[in-house]
Amino acid sequence: MASFPFPFLLPVLLLLFFPSISLSQSNLSVDYYKTTCPDFPNIIRETVTNKQLTSPTTAAATLRLFFHDCIVDGCDASVLISSNAFNKAERDAEINHSLAGDAFDVVLRAKTALETKCPKIVSCADILAQATRDLVIIVGGPFYPVQLGRKDGLISMVSHADEGLPRTNMTMDQLIDLFDKKGFSIKEFVALLGSHTIGFSHCKEFADRLYNFSKTTPTDPLFNPKYAEALKTLCANYTIDSTISAFNDVLTPGKFDNMYYQNLPKGLGLLITDNLLMKDPRTKPIAELYAKDQTVFFTDFSDAMEKLSVLEVKSGTEGEVRNRCDQFNSIKT
């Protein structure tokens, strides 16, 4: 096959014919580390497999961490940064306090192994993206390609997380608008919400549905009554112990499948935003389709995750390859 005669023009032509592709995205490729760190995929796979075996919540925790990273200023590992005397980072936003330590730990383990094998080559953003995909597969989810070559971001501010992340008390209009501003369709939004098929939520995130739904009806009537009573027992001391939590998918919590959608019409949706999927005419047909057809859900989830994983990625001088994932290479005062 003949090679492209003017390779230096290829990125320009890609942008002309595919304007939705950013310059940063055009610099990514699935084999980015083929020559500079050929063991990258094997190191990630081995690290996440060992971690998932010892800590089964790792997959869900990492998937959530990845989403919280990407939806705020793009997939640049800014959520991994620790605060210092000069800056309060995303990680310290109240909504991020519930991000599980297992997710941070698996990235740290992978970074340590990679720095030994190929120092200062692999970004933390790429580690998080690849680890998330591999963990989704481990728990039964679909494969999707991960483009590599992201740089780690140079900014991490608590205010950006406070402003950019979805909340469990948002209306469907607010949620759809938030995802629309990031370039996601309603179908992609519903598919990404399917990540709730694994993982858990802390009781404070749904306590109002159990105890303070309205003045006349303390418990949300959309809850299955037996499920609501079980949750009340579980969460009885949630104001004292903020770590108490419940599985998002009560039937198959450790398996990535379409059970999350099947649970919704049965009153087994944990968060109010889950149940809104079955009430809003814009999302209900999609959620019903995913409940009936796991193959369609997997296909749409894969496409949405591939799109999410390249959201506002950094390249060149927009970022760096951090020596440590929890701090910038130089402290800005």
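Which residues is Asp76 in contact with, leaving aside its neighbours within four places in sequence? In this predicted model, they are Asp69, Ala125, Lys151, Asp152, Gly153, Lys314 and Arg322.

**The annotated binding site**

The UniProt record, an unreviewed entry, places the feature "binding site" at Asp69, Val72, Gly74, Asp76, Ser78 and Glu90. These residues span 22 residues in sequence, yet no two of their C-alpha atoms are more than 12.5 Å apart, so they gather at one spot.

Two of the annotated residues, Asp76 and Glu90, are described further here. Asp76 is found in the loop between α4 (58-70) and α5 (101-117), and the loop between α4 and α5 is also the place of Glu90. Because buried means under 20% relative accessible area, the values below place each residue in that class.

| Residue | Relative accessibility | Class |
|---|---|---|
| Asp76 | 2% | buried |
| Glu90 | 0% | buried |

Leaving aside neighbours within four places in sequence, Glu90 is in contact with residues including His68, Val72, Asp73, Ser78, Asn96, Ile155 and Met157. Among these, Val72 and Ser78 also belong to the annotated positions.

**Helix α11**

Helix α11 comprises residues 225-234, and its buried residues are Tyr227, Ala228 and Leu231. They cover an arc of only 100° around the axis, which puts them on the same side of α11. What covers these buried residues includes α10 (207-211) and β2 (245-247). The face of α11 turned away from the buried side carries the exposed residues Pro225, Lys226 and Thr233. At the N-terminal end of α11, Asn224 acts as a cap, with a side-chain oxygen 3.0 Å from the backbone nitrogen of Lys226.

Notes: Residues numbered from 1 in each chain as written. Predicted model: local features only at pLDDT ≥ 70, side-chain atom pairs only at ≥ 80, totals over all residues. Heavy atoms only, no water. Buried < 20%, exposed > 50% of the residue type's maximum accessible area, 1.4 Å probe, protein only. Helix = DSSP H or I, 4+ residues; strand = E, 2+ residues; numbered from the N terminus. Arc of directions from axis to C-beta. Contact = heavy atoms within 4.5 Å. Polar contact = N/O pair within 3.5 Å; in protein donor to acceptor, adjacent residues only side chain to side chain. UniProt positions renumbered as here; feature names shortened; annotations may be inferred.
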